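Hi,

Here is the structure I promised to pass on. Have a look at it first, and then read my notes below.

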Amino acid sequence: MLDVLGTLERTNTCGELQAGNVGESVVLMGWVAKKRDFGVFTFIDLRDREGVTQVVVSEETAREAHAKAKGLRGEFVIAVKGEVVARDEGAKNTKLPTGDIEVKVSEILVLNDANVLPFQLEVAGSENLAAEDTRLKYRYLDLRRPQLQHNIRTRAKAVAAIREYFDERGFIEIETPILLKSTPEGARDFVVPSRIHTGKFFALPQSPQILKQLTMISGFDKYYQIARCFRDEDLRADRQPEFTQLDMEMSFAHQEMAYREMQGMFNHIFAKVGGISLPAEWPRMTYAEAMRRYGSDKPDLRFGMELVDLSGELAGTDFAPFASVLESKGEIKCIVAKGKADYSRKQLDELQEFVKRYGAGALAWIKAVEPEGGSGSDGGWVLTSSLLKALGEEKIADLAKAAGVEKGDLVLIVAGRKSVVAASLGALRIEIAKRENLIDRAAYKPLIVTEFPMFEHDEETDRYAAAHHPFTSPMDEDLEKFKTAVNDESQHHLLGEVRAKAYDAVINGYECAGGSIRIHQKDVQALNFKALGMSTESARVQFGFFLDALEYGTPPHGGFAAGIERTCMILCGTENIRDVMAFPKTASAQDLMMDSPGDVDGAQLKELGIAISD
RNA sequence: GGGGUCGUAGUUCAGUUGGUUAGAACGCCAGCCUGUCACGUUGGAGGUCGCGGGUUCGAGCCCCGUCGGCCCCGCCA
């Protein structure tokens, strides 16, 4: 028989009572986290979102409550009335903030019972959590875990800090529609059928890009929004089909102003939420430099192990695989794993398999090891290498020197197309850092990456696509080159060299924000559509309203969007985006709790004029 | 679309060369217990070995297929 709450109110949460509260009469409410029954008295760990407080029910002093306590089970919801009493020295629990006291119960109200949980919330050893699919099915239970409670609240604080930052600086929060129109550029759209306009569809925003630019044309000057975005693409550990961005835009703005706001916003969030102070001025790196030194446009600066170019040393080599790579304008680069010359054949095979995922043909290596029979007292060392036969001792020594090898080091070499070398060595660098624990978990290393390329070359179609989005402005310095590339068919390849006023904010190897200064002049915009192989007509069909808008007095403007989840992942120290979302989906974009996506009623489909084939 | 990996009790896992009745811990149920906080203790219940097919005298284990979780490549302007 359950009790009713009536007008009873709690006086305290389960996380706040301390020695100073001894003697107070209190009412606590929460979940039974644990019960320890000693016959004549019973301990209950009562949990709410703020913590755990031990309450004790004695048969001697509270006969009725004690009888009720007998029937309590895990996760029952109860209210207890009682008195805060000090625990005896030796009976204190130093693991709990409330461990100096306990509540001596006079009355228990059983507000609700609970089925036995399908998995245990907290397990000894803490890492033996139930399988994630089980926890996702009962997400509301998993969310009771203190860790997830903390993450979700951290996220709330981060969003609050963002609003605080932009409100204070005169930005106006403007909501934009969720029901938009599909455009062919970019990610696959989620699509919503229109009932009133049978056969037509809305699309959910991949980002509010065009709308935020329109707020600039509308004269709001400074806009921001915490915007939900939707992309129907395959998922990753840091990607969900729907996610949240801080979206901002400002008028009369150049890059430096955007950098300032990116730094300012993240610095505010990290200080406010995590007590972490990031540098007032973030280091900067061009895209080209980041790719050259780290093989990534989002380098993790918490450790070194930079890429070293060996192409110079290998120029004119007879070794056919390297010669052909250099001939076709590829690269040969390496990283040096300090002190890892003891890697086994098996480990090196694993690493080779790892880089092959990124298109690398092979992974060559050089080891600086003790000579057979020991190095003696002079500490000498010799080089061994998978390339010894192919290149000879002298050349291996040259390479080792170029790589800056010392005794005990392992050099890992990849040759191939520039994009393959960068991707494979960039990923290998991170893989080794993880394996060898080279990453300082307490460090936060932000970076602004600048001068992104304007276009990406698609090797299969030999076409150029917008690297950022089709409204990104080219750099002033590259404007002439841009015009030449577009207008002179024979110079089309120059598009690959045009840099954009596009930039990213990177923290600890995560792309946390990205943005650009936009094109605000119609002739440049027209040029860009042409560069992208879009005819005037098709550009009009897709973006006509926007092109019109650009012609009614568009101020220079730009901004950025920041990933709320990725930012929170860093703040929460997790590598899993689901840890910072209340109700996430699986890697196959399903919600295991509500079992979505689901079927819809035939009548519903009929009303929409939709028939399912197959 | 492709690759890797996992799937055995409610949960986390073990399960040898294919061989009798598939085990452990936690949880659960019942009892005992005056200071626990990973309480202790006695007893008990609990299994479609993801699913389907095959090989075999015999399959949790081998083979084929399939479903699902996670991670990665492609993809994500």
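Let's start with one residue: in which helix is the place of K68? It sits in helix 1, which covers residues 63-70. Keep in mind throughout that this is a predicted model. With a relative accessible area of 25%, K68 counts as partly exposed. If you set aside the neighbours within four places in sequence, K68 is in contact with D3, I108, L109 and V110. There is also E107, 39 residues from K68 along the chain, with 9.2 Å between the two C-alpha atoms.

Helix 1 itself lies across strand 1 (25-37), strand 2, strand 3 and strand 5 (101-112). Its angle to strand 5 is about 65°. Those strands belong to a closed barrel of five strands, which runs 1-2-3-5-4 with mixed pairing. Neighbouring strands of this sheet are turned against each other by 55° on average, direction ignored. For a closer look at the barrel, try strand 2 (residues 41-48) and strand 3 (residues 51-58): they run antiparallel and are joined by eight bridges. You'll find R47 opposite V52 of strand 3.

Now zoom out a bit. How is chain A divided into domains? Domain 1 is 19-112, domain 2 is 142-281 + 557-614, domain 3 is 303-435 and domain 4 is 453-499 + 521-554. Between the C-alpha centres of domain 1 and domain 4 there are 68 Å.

Next comes the other sheet I looked at. This one is open and has eight strands in the order 6-9-10-22-21-20-17-11, again with mixed pairing. At the edges are strand 6 (172-173) and strand 11 (284-286), each of which pairs on one side only.

Strand 10 (residues 242-251) is a good one to follow here. Strand 10 pairs with strand 9 in the antiparallel sense over nine bridges, and with strand 22 (residues 557-563), also in the antiparallel sense, over seven bridges. You can trace a path across these strands: Y224 has M248 of strand 10 as its bridge partner, and M248 in turn has F560 of strand 22. A bit further along, M250 is partnered by G558 in strand 22. As background, strands of a sheet pair through backbone hydrogen bonds, either parallel or antiparallel.

Is strand 10 enclosed or open to the outside? Nine of its 10 residues are buried, so strand 10 is largely enclosed by the rest of the structure. One element to look for here is helix 5 (residues 209-217), which lies across strand 9 (222-230), strand 10 and strand 22. Helix 5 runs at about 25° to strand 10.

Elsewhere on this sheet, helix 7 (residues 287-294) lies across strand 11 and strand 17 (446-450), at about 90° to strand 11. The loop between helix 7 and strand 12 (308-309) holds S296. S296 is buried, with a relative accessible area of 14%. The side chain of S296 reaches the backbone nitrogen of K298 at 2.9 Å. Apart from neighbours within four places in sequence, S296 is in contact with A290 and M291.

Helix 15 (residues 522-531) is worth a stop too. Which of its residues are buried? They are V524, Q525, L527, N528, F529 and A531. The cover over these buried residues of helix 15 includes strand 18 (455-458), strand 19 (463-466), helix 14 (479-487) and helix 16 (536-550). After helix 15 comes G533, with a positive phi near 75°.

Last, the cysteines. How many disulfides are there? The count is zero. C229 is in no disulfide, and the nearest cysteine sulfur, that of C568, is 15 Å away. C568 is in no disulfide either: its nearest cysteine sulfur belongs to C572, at 5.9 Å, whereas a disulfide needs the two sulfur atoms within 2.5 Å. As for the surroundings, C229 is buried, with a relative accessible area of 0%, and C568 counts as buried at 1%.

That's the tour. Over to you!

Conventions:
Residues numbered from 1 in each chain as written. Chains lettered and ligands numbered in written order. Predicted model: local features only at pLDDT ≥ 70, side-chain atom pairs only at ≥ 80, totals over all residues. Heavy atoms only, no water. Buried < 20%, exposed > 50% of the residue type's maximum accessible area, 1.4 Å probe, protein only. Pairing = 2+ DSSP bridges. Helix = DSSP H or I, 4+ residues; strand = E, 2+ residues; numbered from the N terminus. Contact = heavy atoms within 4.5 Å. Axes fitted to C-alpha atoms, helices over the stretch in contact; angles between N-to-C directions. Domains from an automatic or database assignment. Polar contact = N/O pair within 3.5 Å; in protein donor to acceptor, adjacent residues only side chain to side chain.
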